[in-house]
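Colleague: Could you take me closely through one loop of this model, and then follow the chain outward from there to whatever else deserves a careful look?

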Amino acid sequence: MRRGSIFQLVGLGVVFGAGAAAVALLVPWLPDPASEQADRIDFLFWFVTVICIAIFALVAAVIVYAVLKFRAGPDDDADGPPVHGHTGLEIVWTAVPAVLVTAISILSAVILTQNERVPRASAGAAPDPLRPLVVDVVAQQFAWLFKYPGYDNATSSTLRLPVNKTVKLRLTSLDVIHSFWVPEFSQKQDAVPGLITRLVITPKRLGTYPVICTELCGLGHALMRSQSEVMTTSKFRQWAASQNQGAGGGGAAGGPSGKALFVSNGCDGCHTFKPAGSTGTVGPDLDQLRTEAARANKPLGPFIRESIVDPDAYVEPGFQKGIMPGTFRTLPAAQIDALVKFLSGSQR
Ligand code: CUA
């Protein structure tokens, strides 16, 4: 091979490599990692991307060089010269990819193992609900609920996490398969009815990030979103303490308000209801409940209650049976009462 050809090949390789690198670097493909696990995955992404850019540059350079250099003349109908192959080259182009793919597999296995690791509380230390913090994630059509068993089962519709503390999520679902995803944490995990799946997160940046369902789970799938708020440890402890007071000393007046229940049960994901500030359109507009009750020929209160515990008993024109899950009939009676009161209280 002549020196000129090598220069041309290398030149083409540099051009294609620089182009691909620019596309990789200048376009913000992924959000900034906000957890230790996301950092590791980010590193793996870049490791693979660099290999891909190098191979792309090599292959593109050889193809373009061959197209330009070995182009047949317009009236050249002859077969090309018989070529016998090249054992040395064949060994190289088999061995190099084998090494690269093996390296990617080993690195992936190491990172996946590290990302599932939960630091163990040191023996003899005082029990601390933050080592590690456990959060039960309950998915249902079309809402997320987060429970904190270390803090008297405090519940929240926002995933509150203390920064720099490892948290273990235990996910499950009340109805169909959902999938938990926070892009800034880079990981996804399915929430499956009858199973408990796990996900370990160590947030390292304060901020609010979206929680997104990434498994098509029904009509409201696209609306099944929540928030993850990473806060300082002291703020988190404050929040947890305020939750416990509410649950412990509340008595009859205690318990979550109708509005809080409306949100924590995900009603706001599907229904428009002004007092809750929700604008969902999967289900009927709850600002019109009086008209809807009249259409169903039922008094307002019993109509609302029936619609919560037996959603298919009356279906508003323009909507279908079987969309609203029947799981709300298992809510504690006091919570259903509070919801009925909240919904009927603001009807004109
Ligand atoms: Cu839940 Cu999609």
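Modeller: What follows begins with the loop around Thr 166 and then moves on to other loops, the salt bridges and two helices. The model is a predicted one, and the account below should be read with that in mind.

Thr 166 sits in the loop that runs between strand S4 (159-162) and strand S5 (167-173). Its relative accessible area is 12%, and because buried means under 20%, Thr 166 counts as buried. The side chain of Thr 166 makes a polar contact with the side chain of Thr 202, at 3.1 Å. If neighbours within four places in sequence are left aside, the residues in contact with Thr 166 are Val 118, Pro 119, Leu 130, Pro 132, Leu 133, Val 200, Ile 201 and Thr 202, so that Thr 202 appears both in this list and as the partner in the polar contact.

The loop between S4 and S5 also holds Asn 164, whose phi is near 65 degrees, a positive value in a residue other than glycine. Asn 164 has a relative accessibility of 51% and counts as exposed, whereas Thr 166 is buried. A positive phi of about 65 degrees is also found at Ser 186, again not a glycine, and this residue lies in the loop between strand S6 (178-181) and strand S7 (188-191). Ser 186 is partly exposed, with a relative accessible area of 31%.

Another backbone feature belongs to the loop between strand S1 (133-140) and strand S2 (143-148), where Phe 142 lies. The peptide bond that leads from Gln 141 to Phe 142 is cis, with omega near 0 degrees. Both Gln 141 and Phe 142 are touched by Gly 218, when residues up to four places away in sequence are not counted. Gly 218 itself is placed in the loop between S9 and strand S10 (225-231), and with a relative accessible area of 30% it is partly exposed. The C-alpha atom of Gly 218 is separated by 7.6 Å from that of Ile 323, although the two residues are 105 residues apart along the chain.

Turning to charged pairs, the structure holds 7 salt bridges, of which some can be described here. Lys 204 forms a salt bridge with Asp 39, the closest N and O atoms being 3.0 Å apart. Because Lys 204 lies in the loop between strand S8 (197-201) and strand S9 (207-213) while Asp 39 belongs to helix H2, this pair ties together parts that are 165 residues apart in sequence. Lys 204 is partly exposed at 33% relative accessibility, and Asp 39 is likewise partly exposed, with a relative accessible area of 32%.

Helix H2 also holds both members of another pair, Glu 36 and Arg 40, which are 4 residues apart, about one turn of the helix. Their side chains meet in a salt bridge with an N to O distance of 4.0 Å. Glu 36 counts as partly exposed at 35% relative accessibility, and Arg 40 is partly exposed with a relative accessible area of 23%.

Helix H2 spans residues 36-69 and includes Leu 68, which at 62% relative accessibility counts as exposed. Leu 68 is one of the residues that make a nonpolar surface patch of about 650 Å², together with Ile 55, Leu 58, Val 59, Val 62, Ile 63 and Val 67.

A further salt bridge joins the side chains of Glu 316 and Arg 295, at 2.6 Å from N to O. This pair links distant parts of the chain, with Glu 316 in the loop between H8 and H9 and Arg 295 in helix H7, 21 residues apart. The partners differ in exposure, since Glu 316 counts as buried at 8% relative accessibility, while Arg 295 counts as partly exposed at 48%.

Helix H8 (residues 300-309) has Leu 300, Phe 303, Ile 304, Ser 307 and Ile 308 as buried residues. These residues cover an arc of only 130 degrees around the axis, and they therefore lie on the same side of H8. What covers the buried residues of H8 includes helix H7 (289-296) and helix H9 (333-345).

Notes: Residues numbered from 1 in each chain as written. Predicted model: local features only at pLDDT ≥ 70, side-chain atom pairs only at ≥ 80, totals over all residues. Heavy atoms only, no water. Buried < 20%, exposed > 50% of the residue type's maximum accessible area, 1.4 Å probe, protein only. Polar contact = N/O pair within 3.5 Å; in protein donor to acceptor, adjacent residues only side chain to side chain. Contact = heavy atoms within 4.5 Å. Patch = residues over 30% accessible without salt bridge, like charges linked within 9 Å, V, L, I, M, F, W, Y side chains within 5 Å. Areas by Shrake-Rupley, 256 points an atom, 1.4 Å probe, with all protein chains shown as cover. Arc of directions from axis to C-beta.
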